[in-house]
Amino acid sequence: MEQYIIKGGNPLVGEVDISGAKNAALAILAAAIMTDETVVVDNLPDVRDINVLLQAIEGIGAIVERVNRHCVKINASTISSTRVDYEYIRKIRASYYLLGALTGRFHEAQVALPGGCDIGTRPIDQHIKGFKALGVQVTIEHGMIMTNAEQLEGNHIYLDVVSVGATINVMLAAALADGATIIENAAKEPHVVDVANMLNSMGANIKGAGTDVIRIKGVKDLHKTEYSVIPDQIEAGTFMFAAAATNGNVLVKNVIPKHLEAITAKLLEIGCAIEEYDDAVRVIGTEQLKSTQVKTLPYPGYPTDMQPQIAVTLAISQGTSIVTESIFENRFKYIAELVRMGANIKVEGNTAIIEGVSHLTGAEINAPDLRAGAALVIAGLAAEGFTLIDDIVYIQRGYENFEGKLAGLGANIEKVTTEKDVQKFKLKVS
Ligand code: EPZ
């Protein structure tokens, strides 16, 4: 089992390149199967979730050709099945985007129902509501969601909760429906916009992505495209907080600064300096970080995927901070690990009350999920002494070469598999 070993204490200094956005890429790869023609997707992050989805796409018969580590060609003219098994859904929830893509193109799909997961129950009722509004019959049997329709008909759909997944899934199906669809109370995340742009580049007619009303005029066919995924604002934000928590000075490159506004605002509030460039952001730390309050919200609010990273940073900031999680009910599991590192945090319901401490100390800890895992790495980088993190497979789902990028900024971090590796690392850095 792979682990990260970290010796904390080094301020992160230098430049880091941000990869393509995982959550945009997942939906874009699903969209790529909606035509018979060849689609090229570039700026893909080389992370586990993307690679599993590509396997699922191959699994239904499409031809997937790796052009290089970050670029893939997909030809879905050979799709022979509209069934996506639990094997893939179990590994990566976002394979449910194949439900929207297959239903849009073939008017039927059978996709395993995603189970509960480590950050909350995560219902998919809004996806189903959207499909039904398009005239699709949806049934759940033997753990599979089955869709079936003679024809998909555009409709007016009001989503009861702002959902990235439901907005994208309905957008995928509606792109090939008869007539017009309006999605109200749509999610406005940058990746929703990226998926709309990609579908439009395939000949779809989607307007309003990025606002809460998306208008889709269904088209008969989609065609080939070459598309480059936007930069990952959550990866960027993670490095920005890593710079803050270690009192570093990092130029985070290949980003869209507009997508980072909520994160930048919080870093300024806690005392960091920020320099913004066209496609880069520099974060300059400070000796004494200050407390703040933050509540996670749909975009353009502060992202839930950046909640653990700010909480770790606030754990070593002066004063009392309040972090409220309003999107997922089970996203504070990492706090127990942070407390083992010396943090003073109490969780009451969906709120964490953080009394800043002067420093954290290294410990053996577990990564409970992707973003919390990345945040615990930040904790290890800021802590005194050695931190050993288990279950880094979660982190590898969404961060390309995380340890390599951090080491490039001067962090003492290595991926290890044996106790011998750990000892070697300790000798090397002592
Ligand atoms: C996406 O998940 C992301 N995943 C998540 O990132 C991210 O945390 C989340 O959006 C919020 O930004 C991908 O893009 C693959 P939602 P998604 O539907 O689409 C409720 C990461 O770390 N809801 O926007 O599943 C839901 O319970 C991952 O990269 C319903 O009630 O999230 C939640 O409270 C983790 N019914 C809220 O809406 C539904 O049918 C927002 O969820 C759908 C959602």
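Which residues in α10 meet which residues in α12? The views below begin with that contact, and every one of them shows a predicted model.

**View 1. Helices α10 and α12 pack side by side at an angle of about 25°.** Let us start with the opening question. From α10, the residues taking part are Pro308, Gln309 and Val312, and they meet Arg371, Ala372, Ala375, Ile378 and Ala379 of α12. Sorted by class, this contact holds 6 nonpolar residues, 1 polar and 1 charged. Helix α10 covers residues 307-314 and helix α12 covers residues 370-382, and their axes lie 8 Å apart. An angle under 35 degrees counts as roughly parallel, so that is how α10 and α12 are described. Their crossing is right-handed.

**View 2. Four strands form an open sheet in the order β18-β19-β21-β20.** The pairing in this sheet is mixed. The edges belong to β18 (293-295) and β20 (344-348); each has a single partner strand, so one side of each is left without a neighbour in the sheet. From one strand to the next, the twist averages 15°. To follow one pairing in detail, look at β18 and β19 (residues 320-324), which run parallel and are joined by 3 bridges. Val294 has Val323 in β19 as its bridge partner. Helix α10, already met in the previous view, lies across β18, β19 and β21 (351-355), and runs at about 170° to β19.

**View 3. Phe241 sits in helix α8 and is buried.** This helix spans residues 233-245. How much relative accessible area does Phe241 have? The value is 0%, so Phe241 counts as buried. Leaving aside neighbours within four places in sequence, the contacts of Phe241 are Ile263, Lys266, Leu267, Ile270, Tyr302, Met306, Gln309, Ile310, Thr313 and Ile378. Two names in that list may look familiar: Gln309 of α10 and Ile378 of α12 also take part in the contact of the opening view. Ile310 is worth finding too, since Phe241 and Ile310 are 69 residues apart in sequence, yet 6.7 Å apart in space, C-alpha to C-alpha.

**View 4. Helices α5 and α6 form a right-handed crossing.** Here α5 (residues 125-133) packs against α6 (residues 164-174) at an angle of about 25°, with the axes 8 Å apart. That angle makes α5 roughly parallel to α6. Gln126, His127, Gly130 and Phe131 are the α5 residues that meet Gly165, Ala166, Asn169, Val170 and Ala173 in α6. The classes of the residues in this contact are 4 nonpolar, 5 polar and no charged.

**View 5. Strands β4 and β5 form a hairpin.** How many residues stand between the two strands? There are 2 residues between β4 and β5. Strand β4 takes in residues 63-68 and strand β5 residues 71-75; they run antiparallel, joined by 5 bridges. Within this ladder, Val64 stands opposite Ile74 in β5.

**View 6. Gln396 belongs to helix α13.** Helix α13 is made of residues 393-396. Is Gln396 buried or exposed? Residues under 20% relative accessible area count as buried, and Gln396, at 12% relative accessibility, is therefore buried. Not counting residues up to four places away in sequence, Gln396 touches Glu2, Val47, Arg48 and Lys415.

Definitions and conventions: Residues are numbered from 1 along each chain as its sequence is written. This is a predicted model: local features need pLDDT of at least 70, side-chain atom pairs count only at pLDDT 80 or more; totals for chains, interfaces and linings use all residues. Side-chain values use heavy atoms; hydrogens and water are left out. Axes are lines fitted to C-alpha atoms, for helices over the stretch in contact, and angles run from 0 to 180 degrees between N-to-C directions. Angles under 35 degrees count as roughly parallel, over 145 as roughly antiparallel, 65 to 115 as roughly perpendicular and the rest as oblique. A crossing is left-handed if the near helix is turned anticlockwise from the far one by less than a right angle, and right-handed if clockwise. Contact means heavy atoms within 4.5 Å. Ala, Val, Leu, Ile, Met, Phe, Trp, Tyr, Cys and Pro count as nonpolar, Asp, Glu, Lys and Arg as charged, and the others, Gly among them, as polar. Two strands pair if DSSP finds at least two bridges between them. Buried means under 20% relative accessible area, exposed over 50%, partly exposed in between (1.4 Å probe, protein chains only).
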